[in-house]
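Take a look at the structure below. Keep the sequence at hand as you read.

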Amino acid sequence: VIECAPATGLSRETRQNIFNDAVKLLKANNYRNAGTVEFLVDKDGNHFFMEVNPRVQVEHTITEEITGVDIVQSQIMIASGKTLADLGLIQDEIAEPTSYAMQCRVVSLFYYSIIDMNP
């Protein structure tokens, strides 16, 4: 699996629309911690909400690389009572990425059929 950030091939407008919708969704639900909002984008640049993961995911390191934000440390600080504002993590103040990062990982999958499972 190869994870890249920021996603290549997205127009500035599509990227900003995704950011806006993610922030709107989390604000509407009073979400105040680290998490991931995932969208799918079609060939015409339309984006569709997929899911919210209320946890730090394995690919968080590439987000840390391009934003300069230590997500794990921030999550611990929030759990201890700090606010996003206390940590200087205001969405409009997080700088746009000036670089790219890539994470590669090997995933092991087992494929078998029902026939293989029966003795």
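The paragraphs below go from strands to cysteines, then to a helix, some loops and the surface.

This is a predicted model. Start with strand β1, residues 2-5. It runs antiparallel to strand β4, and 4 bridges join the two. One pairing to find is Ala5, which stands opposite Ala101 in β4.

Now turn to β4 itself, residues 101-104. This strand has two faces. Ala101 and Gln103 make up the covered face. Met102 and Cys104 make up the uncovered one.

Next come the cysteines. How many disulfides does the structure hold? The count is 0. A disulfide is a covalent bond between the sulfur atoms of two cysteines. Why is Cys4 not bonded to Cys104? The closest cysteine sulfur to that of Cys4 is in Cys104, but it is 7.4 Å away, so the two are too far apart for a bond. To count as a disulfide, the sulfur atoms must lie within 2.5 Å. Cys104 is likewise in no disulfide, with the sulfur of Cys4 as its nearest cysteine sulfur. Is Cys104 buried or exposed? Its relative accessibility is 54%, so Cys104 counts as exposed. Cys4 has a relative accessible area of 39%, so it is partly exposed.

Helix α2 spans residues 60-67. Which of its residues are buried? They are His60, Ile62, Glu64 and Ile66. What do these buried residues pack against? Their partners are β1, α3 (71-79) and β4. So both strands from the start of this tour come back here, because β1 and β4 are among those partners. Just after α2 sits Gly68, with a positive phi of about 75 degrees.

Two loops deserve a stop. Pro6 lies in the loop between β1 and α1 (12-28). The peptide bond that leads from Ala5 to Pro6 is cis, and its omega is near -10 degrees. Asn30 is in the loop between α1 and β2 (36-41). Its phi is positive, near 55 degrees, and Asn30 is a residue other than glycine. Asn30 has a relative accessible area of 54%, so it is exposed.

Finish on the surface. Which residues form a nonpolar patch there? Val1, Val107 and Leu109 do, with about 280 Å² of accessible area together. Val107 belongs to the loop between β4 and α4 (114-117). With a relative accessible area of 46%, Val107 is partly exposed.

Conventions:
Residues numbered from 1 in each chain as written. Predicted model: local features only at pLDDT ≥ 70, side-chain atom pairs only at ≥ 80, totals over all residues. Heavy atoms only, no water. Buried < 20%, exposed > 50% of the residue type's maximum accessible area, 1.4 Å probe, protein only. Pairing = 2+ DSSP bridges. Patch = residues over 30% accessible without salt bridge, like charges linked within 9 Å, V, L, I, M, F, W, Y side chains within 5 Å. Areas by Shrake-Rupley, 256 points an atom, 1.4 Å probe, with all protein chains shown as cover. Salt bridge = Lys/Arg side-chain N within 4 Å of Asp/Glu carboxyl O. Contact = heavy atoms within 4.5 Å.
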